[in-house]
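Got your viewer open? Let's take a short walk through the aromatic rings and the cysteines, one selection at a time.

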Amino acid sequence: MRSAGPAFHTNGLAGRHVLFVMAAEAEYGPALKRLFTPFMTGVGPVEAGERLGAELARLGASDALPDLVVSLGSAGSRKLEQTEVYQAVSVSCRDMDASPPGFARGVTPFLDLPATLPLPLRISGVQEATLSTGACVVSGAAYEAIAEDMVDMETFACLRACHLFGVPLVALRGISDGAAELKHVDDWTASTPHRR
């Protein structure tokens, strides 16, 4: 896994500095390699939040924060078309459950944030879907407990890192799995849309 320096791209984006972020090399296929070099965070919310937060802090210290972070990767879904790409319009954290002392499920205690956070920026012509982030791979019957359209392991953490630095986030996810139960890593990589 590679952890590149700032992966800024300005062409075709109105001169804006964009930091492209991905979790794993397995999602970074030849078509994307022709377009940009992403900052690799590693898999899961802990790695994504820690590494992206550290990178944004480093860039901020150099007065070089991006104008936008674009998080790309794969997602699972039982509802959406496999291999299609969707933009997340909202994201929630499915692991957060402080309900025993009275907090609503999904709400982080003592933060003034709702359980579902909006992603207000839109890319014209890209299909929209809701997203749930968590630290576990969702497969089979586990989808029944999730209301959102798709699941991943990084976006919520990336968004919270972006919040700390006032940088907007766009999340694009290609549906790699969900129609059938995952039994091996090859079941995921075989149809990861970004691999093409």
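Start with Phe 36: buried or exposed? Phe 36 counts as buried because its relative accessibility is 10%, where buried means under 20% relative accessible area, exposed over 50%, and partly exposed in between (1.4 Å probe, protein chains only).

Before you click on, some housekeeping. This is a predicted model, so local features need pLDDT of at least 70 and side-chain atom pairs count only at pLDDT 80 or more, while totals for chains, interfaces and linings use all residues. Residues are numbered from 1 along each chain as its sequence is written, and side-chain values use heavy atoms, with hydrogens and water left out.

Now bring up the aromatic pairs: there are three in the structure. Rings of Phe, Tyr and Trp (its six-membered ring) pair if their centres lie within 6.5 Å; planes under 30 degrees apart are stacked, over 60 edge-to-face, and the rest tilted.

Add Tyr 28 to your selection. Its ring centre is 6.1 Å from that of Phe 36 and the planes sit at 35°, so this pair is tilted. Tyr 28 is buried too, at 3% relative accessibility. Add Phe 20 as well, and you have one aromatic cluster of Phe 20, Tyr 28 and Phe 36.

Next, jump to Phe 103 and Phe 110. With ring centres 5.3 Å apart and planes at 80°, they make an edge-to-face pair. Phe 103 is partly exposed at 26%, whereas Phe 110 is exposed at 78%.

Last stop: the cysteines. Cys 93 is buried at 17% and Cys 136 partly exposed at 39%. How many disulfides does a search of the whole structure find? Zero, counting a disulfide as a pair of cysteine sulfur atoms within 2.5 Å.
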